[in-house]
Amino acid sequence: MINKTIASTTHSNARRISTTEAPWVQWTLIGLALGFMALFLVMPLLAVFVEALRKGGEAYLEALKEPDAWAAIRLTLIIAGIAVPLNLVFGIAASWCIAKYEFKGKAFLTTLVDLPFSVSPVVAGLIYVLVFGAQGWLGPWLAQHDIKIIFALPGMVLATVFVTFPFIARELIPLMQSQGNEEEQAAIVLGASGWQTFWYVTLPNMKWGLIYGVILCNARAMGEFGAVSVVSGHIRGQTNTMPLHVEVLYNEYQSVAAFAVASLLALLALVTLVIKSVAEWQHERELKAAAELPPERPRDEIPRPHLA
Amino acid sequence: MSSRKVLPGFNLTLGYTVFYLCLIVLIPLSALVFKTLNLTFDQFWAAISSPRVVASYQLTFGASLLAASVNVLFGLLVAWVLVRYDFPGKKVADALVDLPFALPTAVAGIALTALLAGNGWIGQFLEPMGIELAFKPGGVVVALIFIGLPFVVRTVQPVLEDTEKELEEAATCLGATRWQTFGLVIFPAIAPALLTGFAMAFARAIGEYGSVIFIAGNMPMVSEITPLIIIGKLEQYDYAGATAVALMMLIISFVLLLLINALQAWQRQRSGAGA
C-alpha cells in the first residue's frame, strides 16, 4: 500500500498506475473466455439433450425402455461397481506407502502409477487381448478350461480398471503428503493400533480427496469407450456398455435413441461435476476454518474458550 | 523396516501396490513388448511404415499439436479470468471446465458431430463460408481441443493463484506497464505450468479415440487416426501389425510421460526458489 502511494505521487497523475487491468480489458477477456467455453463446452452438452428430445418426450422414453439399452445400463453399472472399489483399495494402499514413507525408487513408483494415464485406451484394450485372447499367452489354457475373459465381462472389467487405475491414488498422494505424519504418529504414540489410526485419523483427513477421486474414477469407468471397445466383442444386449450401445445406435442412424442413451451419460457427467464442486468447496471451507483457529488450538477437538 | 518408521503398514501397502501394479499394468504391457519381439525387424518396419500408417501419424501428431496449442492460448485465458476477475456465474464456469474429464468421450464425439455437421447449430454457419469440419481432419482438431482444455486450465490455475502480488506491485512501482509486468514477471512464473499443461493435453490427444472416430469420417490416408489403425488391424486379425503400431504409440507415451515429469520437477523447483 505504501509503495503504491509513493509510486502514484512520484509519477505524473495523468497515468493511472494499478496492478490490475482496466475494466474494459477485464470484460473483454471475460467475454472471450466465456465465449470459448460456451462454444466448446456448453453447446455440445446442450446438443446432447436437444437431439435426444428432437422427436418429443415419448420417443425419448421409448428409446430408454428398449431391452438392449437396459442391458447396457446394467452392464455399465456392474463394471463400474467392480472396477471402482478395486482401484479404491489400490489408491489407499499406494498413497499410504508413497505419502507416509521415504524409500528408494519412490519417484519411479509414482511415475509407474501414473503410466496408464498416458497410454492410449486402444493400446490398453489391446494388451489384454495379447494376454488373454485366443492368440495370447494364456489363450490356449483358458480355452481348455472354458474360461472366457476377452469378449466377456472379465476382460471389460480389466480394461476399465487399467484406464481408471491412477485416478484415486493421484488425488490422495498429494493430499496426504501435504498433511504429513504428525497426527498419525501422535495416535500411535498414544497407543492406537494401525487400523485405529487409519480409521480415526487418516480417513477423516483425506475424506474429501477420497470422494473427489472416487467420483472422477466412476465417471471415467462408466464412460470408457476405446479400451472397452477392443475387448468387448460388441454382442448386443450382452457385452455392450452404454457408450458402446451409443455407438451401435448412432451407426445404425437411430439418432434419437443414440442421443437418449448419451443423455443419461451426460447427466452422469453433470452429477459428477456437482458432487466434485461441492466436495471442493467443503474442503476449502474446512481448511479455512482450521487456518483461522489460533495456532495453539489447531483443531476443533480442543474446547473453545467461552466468550462470555 | 528402519526404526524411523513409526507408522505400521509399510510392507503391506508397498507390497500390495507393487503386486497390483504388476498384475494390471506391467505384465500386460510387457506382453506388447514380447509379442513384438516375435516379429523380424523387416516385418516390424513394414507394419509401422506403410503409407497408410504414416499418414495416420501425420494426422494424429499434427492435429494434437494444433489442438494443444489452441488449448494453451485459451486455457491460459480461462485460467486467468477465473483467478483474477470476479463475474457472475464464476463458480459454474469453474466447475464446467472439468466437463471434458467427466463427459464420456463417445458422447462428446456424437455431440460435436451433431453441432458441426452441415445442418448442425454451428455447421450451418460454417458451411456457406466454405469451412467443413465434420468428417474432415478439422473435426479431429475440434474434438481434441475439447478433450485437452481442462489439462491446461487445471495446471495453470493453482500456479497463477500462488503468484505473489507483491512482485507485480514492485514492477508497477518501477514503472512497468501492465503488458511488461505480464511478459516479464507473470509469464515466466507460469511458463513451466503452461508447458506441462501443453504436454499433458498433447499426450492425451495422441491416444484419444472415442471422441475422434465419430467426427473424423475415418477416410484412409486422410482422416484416419493412429489408434483407429490399431483397431482396423485387430479386426482383420493382423495381431502382429496391431502390436507393432501399438508399441510405437506406447514408446511415444513413455517419452511424453518422462517429459511431463521433468517439467513438473522444474515447476516445483521454480516455485520453491521463488518462495
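Which residues in α5(A) are buried? The legends below take up this question first and then turn to other parts of the predicted model.

**Figure 1. Helix α5 of chain A in the predicted model****.** In α5(A), the residues A:Val113, A:Pro116 and A:Ser118 are buried. The helix covers residues 106-118 of chain A, which makes 13 residues. At 1.5 Å a residue it should span 18 Å, and its end C-alpha atoms are 19 Å apart, so the two values agree. A kink of about 25 degrees is found in α5(A) at A:Leu112. The proline A:Pro116 follows shortly after this kink, and A:Pro116 is also one of the buried residues of the helix.

**Figure 2. The two domains of chain A****.** Domain 1 of chain A comprises residues 19-52, and domain 2 comprises residues 56-290. The centres of these domains, taken over C-alpha atoms, are separated by 30 Å. Where the domains touch, five residues of domain 1 of chain A are in contact with eight residues of domain 2 of chain A. On the side that belongs to domain 1, four of the touching residues are nonpolar, none is polar and one is charged. Chain A as a whole contains 15 helices and zero strands. Of its 308 residues, 41% are buried. Among contacts in chain A between residues at least 6 apart in sequence, 73% join residues at least 24 apart.

**Figure 3. Chain B as a helical chain****.** Chain B has 13 helices and zero strands. Its C-alpha atoms fill a box of roughly 70 × 65 × 30 Å along the principal axes. Buried residues account for 46% of the 275 residues in chain B. When contacts in chain B between residues at least 6 apart in sequence are considered, 78% of them join residues at least 24 apart.

**Figure 4. The contact between chain A and chain B****.** Chain B contributes 73 residues to this contact, and chain A contributes 76 residues. On the side of chain B that touches chain A, helix α1 (residues 10-37) of chain B gives the most, with 14 residues. The same side of chain B consists of 56 nonpolar, 10 polar and seven charged residues.

**Figure 5. The largest nonpolar core****.** This core has 173 residues, and those with the most contacts inside it are A:Leu126, A:Ala262, B:Val107 and B:Ile110. Its largest share, 15 residues, comes from helix α4 (residues 67-100) of chain A. In soluble globular proteins, nonpolar side chains tend to be buried together. A closer look at one core residue shows contacts that reach from one chain to the other. Leaving aside residues up to four places away in sequence, B:Val107 touches A:Val48, A:Val246, A:Ala262, A:Leu265 and A:Ala266. A:Ala262 thus appears again, as it is among the core residues with the most contacts.

**Figure 6. The surroundings of B:Met219****.** B:Met219 lies in the loop of chain B between α11 (210-216) and α12 (226-235). Is this residue buried or exposed? B:Met219 counts as exposed because it has 12 C-beta neighbours inside 10 Å, and a residue with 12 or fewer such neighbours is classed as exposed. B:Phe135 is 84 residues from B:Met219 along the chain, yet the C-alpha atoms of the two residues are separated by 8.5 Å.

Methods:
Residues numbered from 1 in each chain as written. Chains lettered and ligands numbered in written order. Predicted model: local features only at pLDDT ≥ 70, side-chain atom pairs only at ≥ 80, totals over all residues. Helix = DSSP H or I, 4+ residues; strand = E, 2+ residues; numbered from the N terminus. Buried ≥ 20, exposed ≤ 12 C-beta atoms within 10 Å, placed from the backbone. Contact = placed C-beta atoms within 7 Å. Nonpolar A, V, L, I, M, F, W, Y, C, P; charged D, E, K, R; others polar. Core = buried A, V, L, I, M, F, W, Y, C linked by C-beta atoms within 7 Å. Expected span 1.5 Å × (residues − 1). Bend = angle between axes of the 7 residues up to and from the residue. Domains from an automatic or database assignment.
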